[in-house]
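Reader: I have a structure to look at and some terms I don't know yet. Can we go through them one by one?

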Amino acid sequence: MEINKKEFDRYTSEFDMNDPKIDLKYYHTYRVVEYCTKLAKSLNLDEHDTFLAETTGLLHDIARFPQARDYNTFNDFISFDHGKKAVEILLENNYIYEYVDNEEDKNLVLKAVELHNDKYIQEELSEREELFCKIIRDADKLDIMDKQGMKLEDNSTHFQEDAFNELKNKTLITYTYCNNHATNILKTLAYIFDVNFKESFKIMVEQNMIEKKLKLLKEHVVKEEYEIVEKIINDYVEERLNEE
């Protein structure tokens, strides 16, 4: 894995690390790799599959660097789909083979990278493809849960109604509904409804990811709305932690 990390560092060295967006994604990437390692170990994956999970984590946001440089945004709607763009980057001049050495591994990593940012996985996948897609999607969400939505600076006291309804239905929240900071935090909390592994929930609880966001909402959002969210989130987490 150290060879892959050196190559990734060589790739990112071509970008301005003084740019806060570039810096943000560089360190996000390595935290996601760490979560991939934890999830792989919890699933008792062998050394090679752990390596593939880590490599997927290393490459999942490789398109974020040109996106930040060329568009000064991480908004895929006004730039490009960063999962699909990552596949283009990795296929150009067979760059993917700097990280893997055979076609089977190449296809597996590319599929997981391509689908890591889709709202839902809608295409038919093999059992193995699905496993690695779930690992990177959980690992990515874990870091987002931990690092994003930590401030509520617009004094919003209500959730956007459509977003609130999606939360009540235990679904992911539509990006365009997020018109205030409270709803942005709600959107991050709703990621739990697309988390796959029990280990991911253990990590969230151990690192107080959910508790910190709920505390922030409790300080700002009207009591009636907050208490609904608190119950739905805590009940769902408890349910998932108690699964066999």
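Author: Start with handedness. A crossing is right-handed if the near helix is turned clockwise from the far one by less than a right angle, and left-handed if anticlockwise. Keep in mind that this is a predicted model.

Reader: Which hand does the crossing of H2 and H7 have?

Author: The crossing of H2 and H7 is right-handed. By that definition, the near helix is turned clockwise from the far one.

Reader: Why is H2 called oblique to H7?

Author: H2 and H7 pack at an angle of about 125°, and their axes lie 8 Å apart. Roughly perpendicular covers 65 to 115 degrees, and roughly antiparallel needs over 145. The angle fits neither, so H2 is oblique to H7.

Reader: What makes the contact between H2 and H7?

Author: Contact means heavy atoms within 4.5 Å. On H2, the residues include His-28, Val-32 and Leu-39. On H7, they include Ile-135, Asp-138 and Leu-142.

Reader: What classes do the residues of this contact fall into?

Author: Eight are nonpolar, one is polar and six are charged. Tyr and Cys count as nonpolar, and the contact includes Tyr-35 and Cys-36 of H2.

Reader: What makes a residue part of the lining of the largest pocket?

Author: A lining residue has an atom within 4 Å of a pocket point. The largest pocket has 38 lining residues; among the closest to its centre are Arg-64, Gln-148 and Tyr-175. Its volume is about 1,300 Å³.

Reader: Which helix gives the most to this lining?

Author: H7 does, with six residues. H2 and H9 each supply at least two. By class, the lining has eleven nonpolar, twelve polar and 15 charged residues.

How values were computed: Residues numbered from 1 in each chain as written. Predicted model: local features only at pLDDT ≥ 70, side-chain atom pairs only at ≥ 80, totals over all residues. Heavy atoms only, no water. 1 Å grid on protein atoms, 1.4 Å probe; cavity = no way out; pocket = protein on both sides within 12 Å on 5 of 7 lines; lining within 4 Å. Points joined across faces, edges and corners; volume = space filled by probe spheres on them. Helix = DSSP H or I, 4+ residues; strand = E, 2+ residues; numbered from the N terminus. Axes fitted to C-alpha atoms, helices over the stretch in contact; angles between N-to-C directions. Parallel < 35°, antiparallel > 145°, perpendicular 65-115°, else oblique.
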